Amino acid sequence: MLVKWKNICALTLISFFICSTVVVSGSVAGSQKKDQGDKADKEKKEEKKGKKKDAAANGGIAQAHNVLWREPTDIESRDLFNGPGGAEGAPDPKGKFTFIDRSQSGTSEKINVDDDRGRKWQVKFGAEARPAPSASRIAWALGYHVDTDYFVKRTHIEGRGGFDVWDVRFKRRDDGFKEAGIWSWHANPFVGTRELQGLKVLMALINNWDLKEDNNKIIQPSKKSGGDTNETIYYVSDLGATFGKTGSAIRKIPGFQNAPAGTKGQAGPYSDQVFINGVSGGQVVFNYKGKDRKALEGITVENARWMGNLAGRLSDKQLSDAFRAGGFSDGEVTTFVRALRARINELKNLK
């Protein structure tokens with residue numbers, strides 16, 4: 001009996017030690033799993049925090065591939081009359097357009113319409129209707145993204161009793177891209193690059209005096225566009241304040257600081273204005289008197305010459321087509337092309 005009792009006690013002690021070992025092991029394993037889980041959560045939080053920082057640095061958008069410029073390998077054959085949308089993408093002035101509503105963006109008068117092919121357009125009135133398509137053709141030919149727009153001499157809009165419009169710019173609103181923010185000339189992923197400095201030279205070349213950040217858009221291709229949805233594209237969306245002169249004396253008068261800083265689509269003033277004042281410390285000094293003059297500071301001779309050589313590959317016919325796309329007269333086209341060619345040569349010959 002005593003032996004039996006001793007055996008029972010021994011078995012009880014062994015069981016106790018086994019259970020204690022299992023419990024302790026389970027506790028350690030559970031603690032290790034908890035630590036691993038906490039570590040994983042911490043890493044996820046750090047990764048998420050890092051993405052937010054990247055997004056802030058990129059104007060609020062965190063994407064793998066930022067795009068400002070694409071090399072235009074076919075520059076000599078690009079159609080500057082029809083632009084990136086081609087002839088097939090143009091609005092048909094004889095087609096049916098239906099008024100949808102008024103656009104509230106910007107300061108110029110604009111309305112939104114749909115055409116009989118289901119396409120959506122923004123119709124812009126005023127002095128920017130001519131220079132905007134011309135400037136966008138040239139920017140596109142040089143490798144920068146632009147809006148799909150066209151000058152329309154005259155057409156009829158249905159709705160609100162029906163009315164005619166003339167000398168207007170039609171811009172596609174459903175072009176396959178979605179807006180993702182705006183960017184600054186002074187803080188963006190391309191600061192110091194040849195491509196950004198080249199874009200700044202282009203803005204000086206066409207006398208774009210409205211270099212405000214609201215005109216600098218960030219967009220992404222939608223799934224329907226067929227483009228790379230991981231791309232984030234940076235571009236200048238409004239090129240209407242171009243091909244005139246930069247500067248306005250009225251802006252010096254107190255209370256008129258927000259007045260236009262130049263003229264739009266005027267061949268004579270554009271041709272007459274000095275383009276480059278000189279070179280200082282290896283940097284080009286442009287005779288620019290528009291908004292945000294600091295945006296055009298610090299451009300190297302090398303990068304300005306690069307843009308001049310790129311633009312120099314465009315023929316006079318291509319340049320003429322760009323201005324004809326804006327509905328300018330033959331005389332205006334001749335003046336514009338001569339002046340633009342002279343400016344391009346100035347860039348090419350910088351020392």
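Strand β2 (residues 97-102) and strand β5 (residues 149-158) run parallel and are joined by 2 bridges, where two strands count as paired if DSSP finds at least two bridges between them. The helices (H or I, at least four residues) and strands (E, at least two) named here are DSSP runs, numbered from the N terminus. The model is a predicted one, in which local features need pLDDT of at least 70 and side-chain atom pairs count only at pLDDT 80 or more, while totals for chains, interfaces and linings use all residues. Residues are numbered from 1 along each chain as its sequence is written, and side-chain values use heavy atoms, with hydrogens and water left out.

**Strands**

Within the pairing of β2 with β5, Phe97 stands opposite Ile157. Strand β5 also pairs with β6, in the antiparallel sense and over 8 bridges, and here Phe151 has Arg169 of β6 as its bridge partner. These two strands, β5 and β6, make a hairpin with 4 residues between them, and Gly159 in the turn has a positive phi of about 95 degrees.

**Cores and the helix α2**

A nonpolar core is a set of buried Ala, Val, Leu, Ile, Met, Phe, Trp, Tyr and Cys residues joined through side-chain atoms within 4.5 Å; buried means under 20% relative accessible area, exposed over 50%, and partly exposed in between, with a 1.4 Å probe and protein chains only. The largest nonpolar core holds 62 residues, of which Leu142, Leu202 and Phe286 touch the most other members. Elements that give two or more residues to this core include α2 (131-141), α3 (194-205), β9 (231-236) and α7 (330-348). If residues up to four places away in sequence are not counted, Leu202 touches Ile138, Ala139, Leu142, Tyr144 and Met307, contact meaning heavy atoms within 4.5 Å. Apart from the largest core lies another, of 14 residues, among them Phe97, Phe125, Tyr150 and Phe170.

In α2, 11 of the 11 residues are buried, so this helix is largely enclosed by the rest of the structure. Its buried residues, including Arg137 and Trp140, pack against β5, β6, α3, α6 and α7. Just after α2, Gly143 takes a positive phi of about 105 degrees.

**Positive phi in loops**

Most residues other than glycine have a negative phi. Asn207, although not a glycine, has a positive phi of about 55 degrees; this residue is found in the loop between α3 and β8 and is buried, with a relative accessible area of 4%. Asp292 likewise has a positive phi of about 55 degrees without being a glycine, but its place is in the loop between β11 and α5, and at 28% relative accessibility Asp292 counts as partly exposed.

**Pockets**

On a 1 Å grid over the protein atoms alone, a pocket is an open set of points where a 1.4 Å probe fits, with protein on both sides within 12 Å along at least five of seven lines, and lining residues have an atom within 4 Å of a point. Grid points are joined across faces, edges and corners, and a volume is the space filled by probe spheres set on the points.

| Pocket | Volume |
|---|---|
| Largest | about 740 Å³ |
| Second largest | about 450 Å³ |

Of the 22 residues that line the second largest pocket, Arg70, Pro84, His145, Val146 and Phe177 are the closest to its centre. The largest pocket is lined by 33 residues, and Ser105, Lys171, Lys217, Ser237 and Asp238 lie nearest its centre.
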